[in-house]
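Here are my comments on the model you asked me to look over, written so that each point can be checked against the structure as you read.

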Amino acid sequence: MPSFETSADASGKSDDKADPTLVKPADPPKSGPLKTAQEFATTFVEYEVGTKGAAKDFKKTATRQLAKALAANGTVPKATVLNVVKGPKEDGKLGVSVALVRLGTSSELRLSMEESGKGKDRQWLVSEVRG
């Protein structure tokens, strides 16, 4: 496994021989909706490869309808979540883009999120997945 940490000499040149095509995943998001999107995407990747118990974890981050629909689908090749980027907010829904790497190729999940609950139980949940 390559190291994403590098060290440089006085000239600024790195002694790291890592593959130049590797991309370091972004730091975890700080905002509530993006944290939920990150958790959903991570669960989605685990679910895709058949990680036991992953399907039930959608209950924490997806609407009931989406969690049920995802439970009915099959599997696809393993992926890694690279980053999560906040998109436009329109009509009470928030768009989020999630960058993935699967089989050496980047891909994207487009998530639509909505707020659910009231008071301290209020949270953002993924209501739609595209990509």
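The numbered points below go from the whole chain to its helices and then to two single residues.

1. Please keep in mind throughout that this is a predicted model. The protein holds three helices and four strands, and, read from the N terminus, its elements follow the order α-α-α-β-β-β-β, with the helices written before the strands.

2. Two overall figures give a first picture of the fold. Of the 131 residues in the protein, 30% are buried. Among the contacts with a separation of 6 or more, 38% are made by residues that lie 24 or more positions apart.

3. How do helix α1 and helix α3 lie relative to each other? The axes of α1 and α3 (residues 64-71) come within 12 Å and cross at roughly 20°, and since angles under 35 degrees count as roughly parallel, the two helices are therefore described as roughly parallel to each other. Their crossing is right-handed. On the α1 side the contact is made by Phe40, Phe44 and Tyr47, and on the α3 side by Leu66, Leu70 and Ala71. Sorted by class, this contact has six nonpolar residues, with no polar and no charged ones.

4. Helix α3 deserves a closer look by itself, as its two sides can be told apart. Its buried residues are Leu66, Ala67 and Leu70, and, seen down the helix axis, they fall within an arc of 100°, so they line one face of α3. The face turned away from that buried side carries the exposed residues Arg64, Gln65, Lys68 and Ala71. A student may like to note that Ala71, although listed among these exposed residues, also takes part in the contact with α1. As for partners, the buried residues of α3 pack against α1, α2 (54-61) and β4 (123-130).

5. Helix α2 can be read in a similar way. Ala54, Phe58 and Thr61 are its buried residues, and because they cover an arc of only 75° around the axis, they are placed on the same side of α2. On the face turned away from this buried side one finds the exposed residues Lys56, Lys59 and Lys60. What covers the buried residues of α2 includes α1, α3 and β4, and α2 in turn is among the elements against which the buried residues of α3 pack.

6. Is Thr43 buried or exposed in the model? Thr43 is found in helix α1, which spans residues 32-48, and its relative accessibility is 6%, so with the limit for buried residues set at under 20% it counts as buried. Leaving aside neighbours within four places in sequence, Thr43 is in contact with Ala54, Asp57 and Phe58. Of these partners, Ala54 and Phe58 appear among the buried residues of α2.

7. Which residues does Ala41 touch, once those up to four places away in sequence are not counted? Ala41, also in helix α1, touches Val81 and Val98. Its relative accessible area is 0%, and Ala41 is therefore buried. The pair Ala41 and Val98 is a useful example of how sequence and space can be read side by side, as the two are 57 residues apart in sequence and 7.2 Å apart in space, taken from C-alpha to C-alpha.

How values were computed:
Residues numbered from 1 in each chain as written. Predicted model: local features only at pLDDT ≥ 70, side-chain atom pairs only at ≥ 80, totals over all residues. Heavy atoms only, no water. Buried < 20%, exposed > 50% of the residue type's maximum accessible area, 1.4 Å probe, protein only. Contact = heavy atoms within 4.5 Å. Axes fitted to C-alpha atoms, helices over the stretch in contact; angles between N-to-C directions. Parallel < 35°, antiparallel > 145°, perpendicular 65-115°, else oblique. Left-handed = near helix turned anticlockwise from the far one by under 90°. Nonpolar A, V, L, I, M, F, W, Y, C, P; charged D, E, K, R; others polar. Arc of directions from axis to C-beta.
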